[in-house]
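Me: Please give a close account of one part of this structure, a pair of helices that pack against each other. Then place that part in the setting of the whole assembly.

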Number of protein chains: 2
Amino acid sequence: MSENTNNRRGLLIILSSPSGAGKSTLSRRLLDWDPSLSFSVSATTRAPRPGEVDGEHYHFLEEDAFKRQVADDGMLEHAHVFGNFYGSPKAPVQKAIESGRDVLFDIDWQGAQQIVNSSLGQHTLSVFILPPSIVELRRRLIGRGQDSDDVISKRMQKSWDEISHWGSYDYVLVNDDLDRTFEDLKTIVTATRLRRLQQPRLVEHARGLQSEFQELS
Amino acid sequence: MSENTNNRRGLLIILSSPSGAGKSTLSRRLLDWDPSLSFSVSATTRAPRPGEVDGEHYHFLEEDAFKRQVADDGMLEHAHVFGNFYGSPKAPVQKAIESGRDVLFDIDWQGAQQIVNSSLGQHTLSVFILPPSIVELRRRLIGRGQDSDDVISKRMQKSWDEISHWGSYDYVLVNDDLDRTFEDLKTIVTATRLRRLQQPRLVEHARGLQSEFQELS
């Protein structure tokens, strides 16, 4: 029997980590490694930062439009963080997984929790990326610009809030070596695609074996 | 942080399949691939077949001795099949997993079910190997010797009973290409070793991050 992706429901691959732990780089590498992977572009009500492209980095929405989409059950998950709304639009995800494509989410613990506990929970893979140290994380957060101590301290607190949820993910990788972490991530994704629940073709195969058995008995 | 197997509890890797589907070959390959893997030698009350070595293929026990070991809570799982008892002695498994070594089990669905639902259930990985077809399976069962139709028919029924339980395993592989199946099996074992629950070092790492965070805040 050859690779049969017919009838397969795509996997929801969730990557979470505090910012600065390497999550964006790992996401990019995963998407380069497997072009069939679809990336879930989050929606947000926060203003675009310089260089951010609407529809690519985020879907930038007005608060009204965001709330309407939530009310219409159009968000797979959403949360309110530091005065802004963030969410994962449902339609593109459903389209992808129904056609058998896996979807990658770069979201925080609140979003991860909502998806894992949704009706799609059986089809998720959740991975948390931990930094090797806080000193290193802080260095990366500071290195990003000329921010005030206050801003840095706020970011540090947010990072810690995120880190504190590592214990509810399927896999947790300490990113002390980006290449090694990426290898581990690929192994995890490859194995998870082999899980029984991700292989509906097995049901057909078992049915075939049963018919054969009845004929031969 | 380098590979740290300190404090790690070993994984119980369960392989099941009807006989003739390639399970023994796959077990042997896994043990060759990773010499740190420990193999759980089953105990049985059935008579040794020609060439079978006590302590290597099975621990051959008298029925009294077997029942005493069950009564002393010395079997991780046990079952009665075709008039003989089969079981997995607990002591060697506990010794291996407490020292951080993974243990491979070549057992049937009854044994798998008992281990997965035991207190060690969180530390199991269960894989079922399906044959590509029943015709092929039958060919292999017949090919083994000059058995009567009755014996073959009994074996076929036993194979089907085993196959019918594929749906309760974590992973199910259709063994239509031994090399490919072995590659998938290695990927699954490698990924499962990375599961959060198999990485107690994460608890220490997170504790370290917390101390650091408190110092830096």
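Reply: For the angle between two axes, values under 35 degrees count as roughly parallel, over 145 as roughly antiparallel and 65 to 115 as roughly perpendicular, while the rest are called oblique. In this predicted model, helix α5 of chain A spans residues 134–142 and helix α6 of chain A spans residues 149–163. Their axes come within 11 Å and cross at roughly 135°. α5(A) and α6(A) are therefore oblique to each other. The crossing of these two helices is right-handed.

On the side of α5(A), the contact is made by A:I134, A:L137, A:R138, A:L141 and A:I142. From α6(A), the contributing residues are A:I152, A:R155, A:M156, A:S159, A:W160 and A:I163. Divided by character, the residues of this contact comprise 8 nonpolar, 1 polar and 2 charged.

The setting is an assembly in which chain B can be laid on chain A by a turn of 180° and a shift of 0.0 Å along the axis, with an RMSD of 0.0 Å. That is the relation of a two-fold axis. The same surface serves both copies, since 100% of the contact residues of chain B recur in chain A.

Between the chains, the contact takes 42 residues from chain B and 43 residues from chain A. The area buried there is about 3800 Å², and carbon and sulfur atoms give 69% of it. Within chain B, the residues that lose the most area to chain A are B:W160, B:R196 and B:F213, together 18% of what that side buries.

Conventions. Residues numbered from 1 in each chain as written. Chains lettered and ligands numbered in written order. Predicted model: local features only at pLDDT ≥ 70, side-chain atom pairs only at ≥ 80, totals over all residues. Heavy atoms only, no water. Least-squares fit on C-alpha atoms with pLDDT ≥ 70 in both. Contact = heavy atoms within 4.5 Å. Axes fitted to C-alpha atoms, helices over the stretch in contact; angles between N-to-C directions. Helix = DSSP H or I, 4+ residues; strand = E, 2+ residues; numbered from the N terminus. Left-handed = near helix turned anticlockwise from the far one by under 90°. Nonpolar A, V, L, I, M, F, W, Y, C, P; charged D, E, K, R; others polar. Buried area = accessible area lost by both parts, 1.4 Å probe.
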